[in-house]
Amino acid sequence: MQFRARIVLAMHRLFVALRPPEPVRDALIDTMEGVEAARWQGDEQLHLTLRWVGEVDSDVANDLADALSSVRAPAFDLTVRGVGTFAKKGRAKAIWADIAPCEELAILQRRVERACRAAGLDPETRKFVPHVTLARLNTSTGPLDHWLAIQGRLGAPEWPVDGFVLYESHLGEGGSIYEPVMRYTLDK
């Protein structure tokens with residue numbers, strides 16, 4: 001797929017991710033209440049990021065789309081196993097669903113990272129922590145301890161992964177809108 005320039009120097013805000021199937025998304029959505037002022041993700045926003053790309057021009061976006069088409073990996077299954085938070089300077093910034101360790105996922109993520117580098121992107125410096133973000137938090141967010149205790153053993157149906165997606169993120173008033181640009185299939 002070619003990225004069409006919207007203006008002369010069109011920029012595309014991209015990421016590579018896995019989209020959970022509906023039964024998994026339903027289980028995650030069922031947890032989304034009970035934390036005051038949390039900004040819960042909508043169904044259409046639920047994903048597991050393999051690689052955040054950020055803003056790139058159309059040429060780099062096309063190079064990335066092509067490089068990702070060379071990624072080969074077997075299909076596999078994932079399992080949700082609890083919840084956690086990301087914190088910055090001692091304050092929780094996000095609530096997420098944890099993903100059980102999976103070697104096939106780690107292999108896929110490394111191959112996606114190699115494709116990103118082949119497309120000319122800088123290496124990712126953050127450690128890969130497989131998760132699905134459930135909510136964004138700010139200073140007005142209420143206490144989390146009760147919610148974390150209740151959802152600590154969160155599980156969902158097994159998640160068959162047979163492909164990954166290159167997404168474009170569009171910033172809007174109600175949050176980001178994620179548009180699938182290209183889907184890549186894993187080996188059966």
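**Strand 7 and its surroundings**

Thr133 counts as buried, because its relative accessibility of 14% falls under the 20% limit. The model described here is predicted. Thr133 belongs to strand 7, which spans residues 131–136. Burial extends to other positions of this strand: 5 of the 6 residues of strand 7 are buried, so the strand is largely enclosed by the rest of the structure.

The surroundings of Thr133 include residues from other parts of the sequence. With residues up to four places away in sequence not counted, Thr133 touches Gln41, Leu46, His47, Ile95 and Trp96. Among these, Trp96 also stands opposite Thr133 in the pairing with strand 7. Within strand 7 itself, a polar contact of 3.5 Å joins the side chain of Thr133 to the side chain of His131.

Strand 7 is part of an open sheet of 4 strands, arranged in the order 2-7-6-5 with antiparallel pairing. The edges of this sheet are formed by strand 2 (39–40) and strand 5 (80–88); each has a single partner strand, so one side of each is left without a neighbour in the sheet. In general, the strands of a sheet pair through backbone hydrogen bonds, in either a parallel or an antiparallel sense.

Strand 7 is paired with strand 2 and with strand 6. The antiparallel pairing of strand 2 with strand 7 runs over 2 bridges. In this pairing, Arg39 stands opposite Arg136 of strand 7, and Trp40 stands opposite Ala135 of strand 7. The pairing of strand 6 with strand 7 is likewise antiparallel and runs over 5 bridges.

Helix 1 packs against several of these strands. Within this helix, which covers residues 22–29, the buried residues are Val24, Arg25, Ala27 and Leu28. These residues lie on the same side of helix 1, because the arc that they cover around the axis is only 160 degrees. In an α-helix there are 3.6 residues a turn, so residues three or four places apart point the same way. The buried residues of helix 1 pack against strand 5, strand 6 (91–99) and strand 7, as well as against strand 8 (159–161). Strand 7 therefore has strand 2 and strand 6 beside it in the order 2-7-6-5, while the buried residues of helix 1 pack against it, and 5 of its 6 residues are buried.

Key
Residues numbered from 1 in each chain as written. Predicted model: local features only at pLDDT ≥ 70, side-chain atom pairs only at ≥ 80, totals over all residues. Heavy atoms only, no water. Buried < 20%, exposed > 50% of the residue type's maximum accessible area, 1.4 Å probe, protein only. Polar contact = N/O pair within 3.5 Å; in protein donor to acceptor, adjacent residues only side chain to side chain. Contact = heavy atoms within 4.5 Å. Pairing = 2+ DSSP bridges. Arc of directions from axis to C-beta.
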